[in-house]
Amino acid sequence: MFDALVARSQSQIATTELFIPLDEQSFAGAALLRLNNRHRSSNTAGGLTFLSGPEGVGKSFLARNALREVRRQQPKLISIIASADELSELLATADEKQSLADALERFSRLQILVCEDLQQLEGQPERQVLLLELVDQLSQNGCHVLMTCRKLPGELREFPQRLISRCHGGLCASLPLLSRESRVQFLSRLAQARSLPLAEPA
């Protein structure tokens, strides 16, 4: 399962996506540049970045783009992009088979983990604890963890305080809803790139 996640993640970032800089994404984009700078300058680039915002504001896109930039500098970088639900399910299955230590050991090869949609684990305390164990081990190994979530850390319900503290202690960036001007800019650039006609906004 670990190798399958690595292969899928490599496929996700293999193709360059159209980047359209929007004002609402500028701070988060600058925060994610830190990820590239740290891996370019150091072999021990552990830490945590927490990217929050409502659905559809570009969290996943920015995460993929940041990871793509790092891999351009380090083509042999080992990374995974997976949802919190996928990661916790993998760990829960390993725990049931009494092979959790082996599963965590396989993750020790990672240099960057992108854990998406942390809010998926609300109301699942056992899985939250498993994910916290993974985050703790990765941090000790110098792996950088990038989390995306639709909520701020303090808005997550019934999560272990240690995990909330990990999120607060990292670099936190929040993405607001896109303005009308940004939505028009995005659609115009996208239509232009795909050679599609687009009516002028009213």
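Hi everyone. Let me start with the chemistry of the largest pocket: its lining has eight nonpolar, four polar and six charged residues. Before I go on, please keep in mind that this is a predicted model.

So, how much space is in the largest pocket? About 370 Å³. There are 18 residues in its lining, and the closest to the centre are Gly56, Val57, Gly58, Lys59 and Phe61. Two elements give two or more residues to this lining, namely helix 3, residues 59-73, and helix 8, residues 180-193. Which helix gives the most? That is helix 3, with three residues.

For those of you who like to place probes, here is the general idea: rolling a probe the size of a water molecule over the atoms shows where empty space is left.

Now to the second largest pocket, which has a volume of about 230 Å³. Its lining is made of 14 residues, with Phe19, Gly29, Leu33, Leu62 and Asn65 the closest to the centre. Helix 3 turns up here too, alongside helix 2, residues 26-41, as an element that gives two or more residues to the lining. The largest share belongs to helix 2, with six residues. And the classes? For the second largest pocket I have eight nonpolar residues, five polar and one charged.

Let's leave the pockets and look at strand 3. How many of its residues are buried? Strand 3 covers residues 112-116, and five of its five residues are buried. In a regular strand the side chains alternate between the two faces of the sheet. You can follow that along strand 3: Ile112, Val114 and Glu116 point one way, Leu113 and Cys115 point the other way, and all are buried. Do have a look at Glu116 on your screens, a buried residue that points the way Ile112 and Val114 do.

Which strands pair with strand 3? One is strand 2, residues 79-83, which runs parallel to strand 3 and is joined to it by five bridges. Another is strand 4, residues 144-149, also in the parallel sense, over four bridges. Leu113 is a handy residue to select here. Its bridge partner in strand 2 is Ile80, while in strand 4 Leu113 stands opposite Val145.

Last, the connection from strand 3 to strand 4. Together with helix 6, residues 125-140, these two strands make a right-handed β-α-β unit.

That's my tour, thanks for listening, and I'm happy to take questions.

Key
Residues numbered from 1 in each chain as written. Predicted model: local features only at pLDDT ≥ 70, side-chain atom pairs only at ≥ 80, totals over all residues. Heavy atoms only, no water. 1 Å grid on protein atoms, 1.4 Å probe; cavity = no way out; pocket = protein on both sides within 12 Å on 5 of 7 lines; lining within 4 Å. Points joined across faces, edges and corners; volume = space filled by probe spheres on them. Nonpolar A, V, L, I, M, F, W, Y, C, P; charged D, E, K, R; others polar. Buried < 20%, exposed > 50% of the residue type's maximum accessible area, 1.4 Å probe, protein only. Pairing = 2+ DSSP bridges. Right-handed = clockwise from strand over helix to strand, strands pointing away.
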